[in-house]
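I am opening this notebook to record what I looked up in the structure, entry by entry. The sequence and the model come first, and my notes follow.

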Amino acid sequence: MVPVSAPSRVSSAAGAPEVDAGPALKSAVARLVELQNEDGSWEGEMVWCPMLTAQYVLLHHILERPLKPARRRRVLRSFEHTRLEGGSWGLHEHSEPHLFVTALVYVAARLVGVEPEDPLVAPARRFLREEGVLGIPSWGKFWLALLNLYEWRGLNPVLPELWSLPRWMAVHPSKWYCHTRLIYMAMAVVYAQRFQARLTPLTLAVREELFPQGYANVDFPAGRKCLRDADLYAKPTVWLRAAYGVARLVERFHGRRLRSRCADAIVERIRWELRSSSHTSISPVSGLLNILALWLRDPDDPDCRKALARLDDWIWEDEEVGTRVTGARSASWDTGFALQALATAPESDGSQDALLRGADFLRRQQIRSSFRGFREAFRVDPKGGWCFAGGWHGWPVSDCTAEAALGVIATHGQDANASEVGDAVQFMLRGQNRDGGFGSYETKRPMIGLEWLNPAEMFGDSMTEHSYVECTGSCLAALAACRQRVPRITEREVARAISRADVWLRREQQRDGSWRGVWGVQFIYGTLFGIRGLVAAGASLDDPAVHSGCRWLLDHQRDDGGWGEHHSGCLTGRYVAHEESQVIQTAWAVIALLEAADSDWAAISRGVRFLVESQEASGAWPRQDMVGVFFRTALLDYVLYRQYFPLHALGLYEQRRQRRCG
């Protein structure tokens, strides 16, 4: 989609016919209940890109564990499904071609037997030759080196010794954002071994396909500085380049005994990570590397075998789209939002059994006890939290906990278990930063920002935890609900946390009234949670910050009543209007206006009319552009967003409409 200029404010002075959203709401409820799983959960696929599926194939090649024929066929089907128009692959379906993703998919396809002139990969081969594989980002160089398709001397060192630095140092890996530190933790162990897969006639052929000038003629040391600009979110800073220079000196003169001790210590941390996450790891990005780190030491390692057996937990698979490895599972996240949406519908719509089953599922997913050794593993106490996926994942998140708690409270109200709610409150409080905002997995640890040290050239804002509008808004709503619905939880620290978070949200509001989100696209998403948080903290209906946020939303409503923001703005930090209204973003805007009790009923009605008229006969809404995002560049399609967010908007609208009529 091509971004267009921001739409002008559509005046509602003339009014708009009130919408009877009851039939659409009933149909949406029936559809969502139909999508509930047998265990009471809801979960939609989180669609990203084929990078992880390619790495899944590459790992199996390195381990010499060939894919079964049916899995191979479906993997290739997913590669075919995710190709961009020109035959290459990108970070997401709207992406420009990426050398990193295209190279990994090309190699993966070749290693499972696809011929170089096959229509699936022939255009990608031409793209790789035109762009030059030497410019692939560092993560791509790392995987190619493992496959014996690149030389380790062409990478900047990933030093195990970095983990032996004093913990008080700002650059110690324990200060890094959890996903980043776990990826580089495993990479350090693998790098220390400089392993390369066995050469075969096939890999020798792929070498020449990737480097048509001849593999022996490639200047791999020069490749350390060679990066394709179009793949980068930000080029390596002068400080990072200096750090690489120091790392090369350490690599040249390091002591073997120290390296061995450092690598041994990291391996034990990897084991702890696997055992505390049911051998899945925080994500498949680090999980695949964790398997490799253990396998290189002992192919029969028990933790390695268990982790291999759990790889399928990250897989979505069907005949139509094929096999794909997702970046995250989202059962607790989706179920929390689904329950809140269903709770807005009348009981007569038949959702009560679904609500009870969903709440029961969530209660089973709460982490009920602390993990032994969490401090030594650089973790916060997970007790009381909910994970994005389920309790098995072992990595609770502040806003996942908040939305799950809100889902349980929406179902059970005053009957919610006080002990469980109290544990959830304590976990959320452990996620509040010194500035008053809330982090995601943990609090911000370094006193200074570390983005200047970010080695993941394709992603941004990935080095440290921050305070996030979404996490803060969710936690404020949950803390307020817990205090209101379960009166026994009235600790002074909760009131203080709410007050501090309220101050932070007001400080983060843009001059135009909006908030910038991080995990969704982008200002509409952030403004939903900014408004929600302030309202939960007790802001009055005429509060200037809430009024300004609502005014910003109303100013960006489109002629058809909907809202639409283009994802390209995530790269620049500016609002970019979409060329067409988006169902999910319209639902976000309507929910925010209704929760703020905004007085522009005509504008709200127009938004609801857009949702009603966009609904399909099945009660579902159509797929449009991706609206999830992480690290600024990675767009995500949360499949169930287009079901429960519009339902939630319609439910809130009908509640208010009935009050107006009554």
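**Cavities**

I began with the second largest cavity, whose volume is about 80 Å³. I note that this is a predicted model, in which local features need pLDDT of at least 70, side-chain atom pairs count only at pLDDT 80 or more, and totals for chains, interfaces and linings use all residues. Residues are numbered from 1 along each chain as its sequence is written, and side-chain values use heavy atoms, with hydrogens and water left out.

For the term itself, I took a cavity as a set of points, on a 1 Å grid over the protein atoms alone, where a 1.4 Å probe fits but cannot get out, and lining residues as those with an atom within 4 Å of a point. Grid points are joined across faces, edges and corners, and a volume is the space filled by probe spheres set on the points.

I looked up the lining of the second largest cavity and found, among others, Trp 163, Arg 181, Arg 269, Glu 273, Arg 379 and Trp 395. Two elements, α7 and α11 (256–276), give two or more residues to this lining; helices here are DSSP runs of H or I with at least four residues, strands are runs of E with at least two, and both are numbered from the N terminus. By class, the lining of the second largest cavity has seven nonpolar residues, no polar ones and four charged ones, where Ala, Val, Leu, Ile, Met, Phe, Trp, Tyr, Cys and Pro count as nonpolar, Asp, Glu, Lys and Arg as charged, and the others, Gly among them, as polar.

How many cavities of 30 Å³ or more are there by this rule? I noted nine, and the largest cavity has a volume of about 650 Å³. Its lining is made of 38 residues, and His 179, Ala 328, Tyr 441, Trp 519 and Phe 630 lie nearest the centre. I then asked which element gives the most to the lining of the largest cavity, and this is α7, with four residues. The lining of the largest cavity divides into 29 nonpolar, seven polar and two charged residues.

**Strands**

Phe 630 led me on to the strands, since I found that its bridge partner in β9 is Ala 634. β8 and β9 pair in the antiparallel sense over three bridges, and two strands count as paired if DSSP finds at least two bridges between them. Both belong to an open sheet of three strands in the order β1-β9-β8, with antiparallel pairing. β1 (46–47) and β8 are at the edges with a single partner strand each, so one side of each has no neighbour in the sheet.

I also looked at β2 (residues 315–318) and β3 (residues 322–325), which run antiparallel and are joined by four bridges. They form a hairpin with three residues between them. Within this hairpin, Ile 315 stands opposite Val 325, and Glu 317 has Thr 323 as its bridge partner.

Technical notes:
On a 1 Å grid over the protein atoms alone, a cavity is a set of points where a 1.4 Å probe fits but cannot get out, and a pocket is an open set with protein on both sides within 12 Å along at least five of seven lines; lining residues have an atom within 4 Å of a point.
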